[in-house]
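Here are my notebook entries from a first look around this structure. I wrote them for someone meeting it fresh, so come along and look with me.

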Amino acid sequence: MATTEKFVLNMGPQHPSTHGVLQVQVELDGENIVGAKPVMGYLHRGIEKLMESRTYQQCVPFTDRLDYVSSMNNNLGFCMAVEKLAGIEVPERAQYIRTICCELNRIASHHVFIGSLTNDLGSATGMIYAFRDREKILDLFNIICGARMTCHYIRIGGVIADAQDEFLQKTEEFINYVPEMLDEYDRLFTGNEIFQKRMQGTSIISKEDALRFGMSGPNIRASGWDYDIRKIDKYGIYGKLDFDIPVGKTGDNWDRYIIRLQEIVESAKIIRQCLDNMPEGPFMAKVPKMLKPPKGDAYHRVENTRGELGFYIVSDGTNKPYRVHIRRPSFINLQALDHMCKGMVLADAVTAFATIDPLMGEVDC
Amino acid sequence: MWGKGLVTGLKVTWGHFFGKKETVYYPEEKLPMTERFRGGHLMLDVEKCIGCKVCAMNCPNAALKLTVEMDENKKRHMTSYVHDIGRCMYCDLCIEACNFKALKWDQNYESATYFKEDLIYDAVEEAKNRRDGNE
C-alpha cells in the first residue's frame, strides 16, 4: 500500500511573493497546507537599539526605515510620542499638513497592496496600474520634502518646511483623479471573475479570531470590528474631520481587498477637508536644538496604514532616549498567517500573505 | 454573465495600449528634479564655511569625516570634508544644522558606482575643482 508523508517547503526568503525577505516554512499534505510558520529576522537592523545612541531629532530618519512604504505615518507616530513626552504644542497649520501627508501616504501604501496582490494572483499588468498611480503621490512627496519614500518630513514640533502652493494644487488634482482611478481598478480587477473566485471565501479570519490574534488596521476591520485609532483617540485634527470607517463582514481575502479600496475613498475625503480648511500660520513650534524631555515615559499610538503603530519612549532626562519600543502592526498581524493558510491549497498561501500586507522592514524592525 | 468582467478588463488595457505613454525614455529624457530634492553629492561653499563641524555632529550615521586646521590668526579652515555616501541616509540634518547655509545638495540622482570606494569623496576637493573649472 502506498504511503504518503508530509512535506516541508521553504517559501522565501527569496520568493517573489513574500514581499521582502520573509521565509515561510509551509507544511504540505499534497497540495493542501497543514501549517505555515513564518521565520523572521532577515531584515533585523536593531532600530530600537540604534535609537538609544541617537538624539531625539536623529531618531526620526530611522523611523522612515520601519515601514518604508508609509514613512510619513511612522514619522508622525514617533514625533507625537516625543511631543507628548516633552509637552510640545504643534501649530495648527502643521497638523493639517501632517494629516494631508499621512493620508496621501495611506493611499500610496494601499496602491502597493493592490499592486502586489494582483501581481501575486498572476496579473502583472495590475501591478503596473497601481504603481503608476502611486507614482503621482511619490511625486507630490518629492515636491514637499525632496524625497519619495524615506520622507523625513514630519519633525518633532511640526513639519520641516511649509507646503507650497504647487503641492496643494497638485494634491487637489490628485484627489479629483481618485474616483476615476478607482473606477478603472473596478473595471480591471474588482469585476474580474478569476480575481473574485480566488479571493472570496478564502483565508477567513472570524471576528473572534481577529481579536485573539491582536490584529489591527484594515485586517481587523475586514473581520467586522469597527476599530480605528483615528476615531478612538482622535489624535491630531482627526476629531474635527468627518470620515467613515469601512467595516467588512466575513473577514476573507476579498473583504480585506475591498476595505482598502474604500479606505482610499475615505482618505481622499479627509484630504479634501484639510485642503479646504487649511489655516495660515507657523508650521513649526519652537523646539530647542538640544531637546531634553523630562524624566518619564510616554506611549503614543497612531493608525498606520497597516494598523496600530505605537511608540513607547522612556526618557532619563538626557538628549537621547533611554529606551524605545515600537509596537509594529505588521509583526502582530503576521501571527495570523498560520491560521489563514490552514486547509487552503498552496496557491492560496500567496494570497494570504498579500492580504495581510506585511512589510518586512516593520516586522523585523 | 461569466466572463463579462474579463472582457471589461481587457478593454481597459487595450485603451491604454493606444493611449498616451506614461513613461519617459530615461537616459535620453530625464525628469526634472524638484527644488527641495535631497540627493547626490554635498556642495560645500568654502567661503561661507567656518569649520564648526556642527554638520558632522548632527549626522545620525557618522557619514561625515572632517579635518579642520587653524592658521596663525586662529581662523579655522576646512582642509578635508569626506562624505561617505554608503553611510548617508539623505536625511538632510547636516544641511539644516548649518547656520551659514554653506551646504547644499548637487541634486544629481545618478549616484550609483561600480566600486564601493567611489562612494567616498571629498567635498572640499570638489569645490576646488568646480572653482578651477569656472575660471
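**Entry 1: a helix from each chain**

I looked up which residues meet where helix 6 of chain A touches helix 1 of chain B. From helix 6 of chain A, I noted A:Glu184, A:Arg187 and A:Leu188. Facing them in helix 1 of chain B, I listed B:Gly5, B:Thr8, B:Gly9, B:Val12, B:Thr13 and B:His16. Sorted by class, this contact has 2 nonpolar, 5 polar and 2 charged residues. I should say at once that I am reading a predicted model.

Next I checked the geometry of the pair. Helix 6 of chain A covers residues 165-190, and helix 1 of chain B covers residues 4-17. Their axes come within 7 Å and cross at roughly 125 degrees. That angle falls outside the ranges for roughly parallel, perpendicular or antiparallel, so I put helix 6 of chain A and helix 1 of chain B down as oblique to each other.

**Entry 2: the sheet in chain A**

I then turned to an open sheet of 3 strands in chain A, with the order 1-2-3 and antiparallel pairing. Which strands stand at the edges? They are strand 1 (7-11) and strand 3 (32-39) of chain A; each has a single partner strand, so one side of each lacks a neighbour in the sheet. From one strand to the next, the twist averages 25 degrees.

I followed strand 2 of chain A, residues 23-29, and found 7 bridges joining it to strand 3 of chain A in the antiparallel sense. One pairing I wrote down sets A:Val24 against its bridge partner A:Pro38 in strand 3 of chain A. Helix 14 of chain A, residues 346-356, packs on this sheet and touches strand 1, strand 2 and strand 3 of chain A. The direction of helix 14 makes about 40 degrees with that of strand 1 of chain A.

I also checked the hairpin of strand 2 and strand 3 of chain A, where 2 residues sit between the strands. There, A:Gly30 takes a positive phi near 70 degrees.

**Entry 3: the sheet in chain B**

Chain B also gave me an open sheet of 3 strands, this one in the order 2-3-5 with antiparallel pairing. Strand 2 (64-70) and strand 5 (120-122) of chain B are its edge strands, and each pairs on one side only. The twist here averages 15 degrees from one strand to the next.

How many bridges pair strand 3 of chain B with strand 5 of chain B? I found 3, with strand 3 covering residues 76-84. B:Val82 stands opposite B:Asp122 in strand 5 of chain B. Helix 4 of chain B, residues 123-134, lies across strand 3 and strand 5, at about 55 degrees to strand 5 of chain B.

**Entry 4: a covered helix**

Back in chain A, I asked how many of the 9 residues of helix 2 are buried. The tally is 8 for this helix, residues 56-64, so I call it mostly covered, buried meaning under 20% relative accessible area. Among the buried ones are A:Tyr56, A:Cys59, A:Phe62 and A:Asp64.

**Entry 5: two phi angles to remember**

Most residues other than glycine have a negative phi. I noted B:Ala62, with a positive phi of about 50 degrees, in the loop between helix 2 (54-58) and strand 2 of chain B. B:Ala62 is partly exposed, at 42% relative accessibility.

B:Gln107 also has a positive phi, about 65 degrees. I located B:Gln107 in the loop between strand 4 (103-105) and strand 5 of chain B. Its relative accessible area is 25%, so B:Gln107 counts as partly exposed.

Key. Residues numbered from 1 in each chain as written. Chains lettered and ligands numbered in written order. Predicted model: local features only at pLDDT ≥ 70, side-chain atom pairs only at ≥ 80, totals over all residues. Heavy atoms only, no water. Pairing = 2+ DSSP bridges. Helix = DSSP H or I, 4+ residues; strand = E, 2+ residues; numbered from the N terminus. Axes fitted to C-alpha atoms, helices over the stretch in contact; angles between N-to-C directions. Contact = heavy atoms within 4.5 Å. Parallel < 35°, antiparallel > 145°, perpendicular 65-115°, else oblique. Nonpolar A, V, L, I, M, F, W, Y, C, P; charged D, E, K, R; others polar. Buried < 20%, exposed > 50% of the residue type's maximum accessible area, 1.4 Å probe, protein only.
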